[in-house]
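Biologist: I'd like to learn how to read a model like this one. Could you walk me through it, starting with the ligand?

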Amino acid sequence: MAGNHYRSVPVKSSEITPEETYLNRRQFIKSMGFAGMSGLLLAACAPQSQQGESTNPATEQEVSVDLRTDELGNPINDYNQITQYNNYYEFSTNKERVAPLAENFDVANWRVEVSGLVNNRKLYDMEDLLTKFDQEERIYRLRCVEAWSMVIPWMGFPLHKLLEEVEPQSSAKYVRFESVMDVSQMPGQKSRFYPWPYTEGLRLDEAMNDLTLIATGLYGKPLPNQNGAPLRLVVPWKYGFKSIKAIVKIELTDYRPDTLWNLIAPEEYGFFANVNPEVDHPRWSQKSERRIGELGRVETLMFNGYADEVAALYDGMDLTRNY
Ligand SMILES: Nc1nc2c(c(=O)[nH]1)N[C@H]1C(S)=C(S)[C@@H](COP(=O)(O)O)O[C@H]1N2
Ligand SMILES: [Mo]
């Protein structure tokens with residue numbers, strides 16, 4: 001199991017809290033019985049010499065976890081920053097206009113079709129997804145290809161759990177994702193410049209990686225419309241455009257699917273789109289980024305800081321050509 005380079009905390013729906021409570025809470029987590037939290041616990045259970053207080057490793061203990069930073073110590077962005085500065089071209093290409101335009105977007109009776117090269121094709125509604133798959137919190141960095149970034153506390157579940165349920169066939173090599181098409185609610189879809197609906201794709205092994213998340217909420221609340229309600233993909237080691245919002249269709253294929261950005265500008269937006277400070281965008285450097293809410297710039301990390309989890313997926317691949 002991957003998973004010591006992000007923070008993951010299981011979330012019960014009874015714990016969904018207003019932002020204020022969220023920010024003030026410290027979760028107490030039993031240090032036994034939580035697989036997949038090894039990194040967290042390692043940090044919390046520093047050697048006694050460093051901790052200054054002796055603990056008895058044989059007894060179950062409670063560990064206080066500060067949920068306000070990622071595993072590298074970066075503070076999470078404010079709820080306002082995350083929900084008022086958005087890329088969502090179905091509504092607007094203006095980041096500040098997305099939230100007001102998406103305010104009344106109707107996500108009732110949402111369905112997601114999972115089909116293609118699978119043994120069990122399925123049509124899920126949101127309640128199925130929220131009850132079938134345990135929701136957990138994951139604090140991830142989001143690095144936009146435009147060279148800004150945020151740290152976001154998502155809620156959701158790893159995509160591999162859903163894929164395991166539908167059982168990909170051995171011929172399946174890729175996963176294709178499609179966003180909703182609804183010109184009546186999404187004014188940006190009137191623009192003929194973009195090949196709507198928004199589509200994205202992953203190689204099957206990328207989709208199965210434990211970091212790859214289906215997000216259904218953030219900051220302990222259901223996903224705001226502007227962030228991709230009611231569900232979106234989050235692939236934290238790739239540029240933000242891979243993290244497709246408002247998904248209605250997930251299809252397993254044996255061909256590499258077209259993606260909206262790759263269709264528009266293949267020399268600028270590759271299929272892989274792994275965060276890579278060594279490979280510049282044709283029009284700007286990718287060596288550093290502006291963390292929203294901070295002054296100055298921070299260095300961009302290979303695979304956005306998730307190399308331990310994902311570098312092996314690209315062994316032997318020329319990342320300059322496969323950008
Ligand atoms: N359907 C859809 N998904 C999308 C986009 C979009 O325009 N439409 N923009 C992408 C880009 S470029 C980024 S950086 C992230 C932004 O996510 P956020 O607004 O939640 O920060 O969403 C991605 N997913
Ligand atoms: Mo982006």
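Modeller: Sure. Keep in mind that this is a predicted model. Let's begin with one polar contact: an N or O atom in the side chain of arginine 232 is 3.0 Å from an oxygen atom of ligand 1.

Biologist: Which other side chains have a polar atom that close to the ligand, say lysine 245 or serine 179, and what are the distances?

Modeller: For lysine 245, an N or O atom of the side chain is 2.7 Å from an oxygen atom of ligand 1. Serine 179 places a polar side-chain atom 3.0 Å from a nitrogen atom of ligand 1. As for burial, the protein covers 98% of the 530 Å² of accessible area that ligand 1 has on its own.

Biologist: Where does ligand 1 sit, and how many residues surround it?

Modeller: Ligand 1 is in the largest pocket. Its shell has 16 residues, and the closest are Asn86, Tyr89, Glu90, Ser243 and Lys245. By character, that shell splits into seven nonpolar, six polar and three charged residues.

Biologist: On to charges. How do I read a salt bridge, and how many does a search of the whole structure find?

Modeller: The general idea is that side chains of opposite charge can pair when their charged atoms come close. Searching the whole structure turns up 17 salt bridges. One of them joins glutamate 146 and lysine 95, whose closest N and O atoms are 3.0 Å apart. Glutamate 146 is in the loop between β6 (136-143) and β7 (148-158), and lysine 95 is in the loop between α4 (79-84) and α5 (98-102), so the pair ties together parts that are 51 residues apart in sequence.

Biologist: And the backbone? Which peptide bonds are cis, for instance the one leading into proline 197?

Modeller: As a rule, most residues other than glycine have a negative phi, and most peptide bonds are trans. Here, the bond from tryptophan 196 to proline 197 is cis, with omega near 0°; proline 197 belongs to the loop between β8 (174-179) and β9 (199-203). The bond from alanine 229 to proline 230 is cis too, with omega near 0°, and proline 230 is found in the loop between β11 (221-222) and β12 (232-234).

Biologist: What about phi: is it positive or negative at alanine 273?

Modeller: Positive: phi of alanine 273 is near 55°. Look for alanine 273 in the loop between α9 (260-264) and β14 (288-291).

Conventions
Residues numbered from 1 in each chain as written. Chains lettered and ligands numbered in written order. Predicted model: local features only at pLDDT ≥ 70, side-chain atom pairs only at ≥ 80, totals over all residues. Heavy atoms only, no water. Near = heavy atom within 4 Å. Polar contact = N/O pair within 3.5 Å; in protein donor to acceptor, adjacent residues only side chain to side chain. Areas by Shrake-Rupley, 256 points an atom, 1.4 Å probe, with all protein chains shown as cover. 1 Å grid on protein atoms, 1.4 Å probe; cavity = no way out; pocket = protein on both sides within 12 Å on 5 of 7 lines; lining within 4 Å. Sits in = over half its atoms within 2 Å of the grid points. Nonpolar A, V, L, I, M, F, W, Y, C, P; charged D, E, K, R; others polar. Salt bridge = Lys/Arg side-chain N within 4 Å of Asp/Glu carboxyl O. Helix = DSSP H or I, 4+ residues; strand = E, 2+ residues; numbered from the N terminus.
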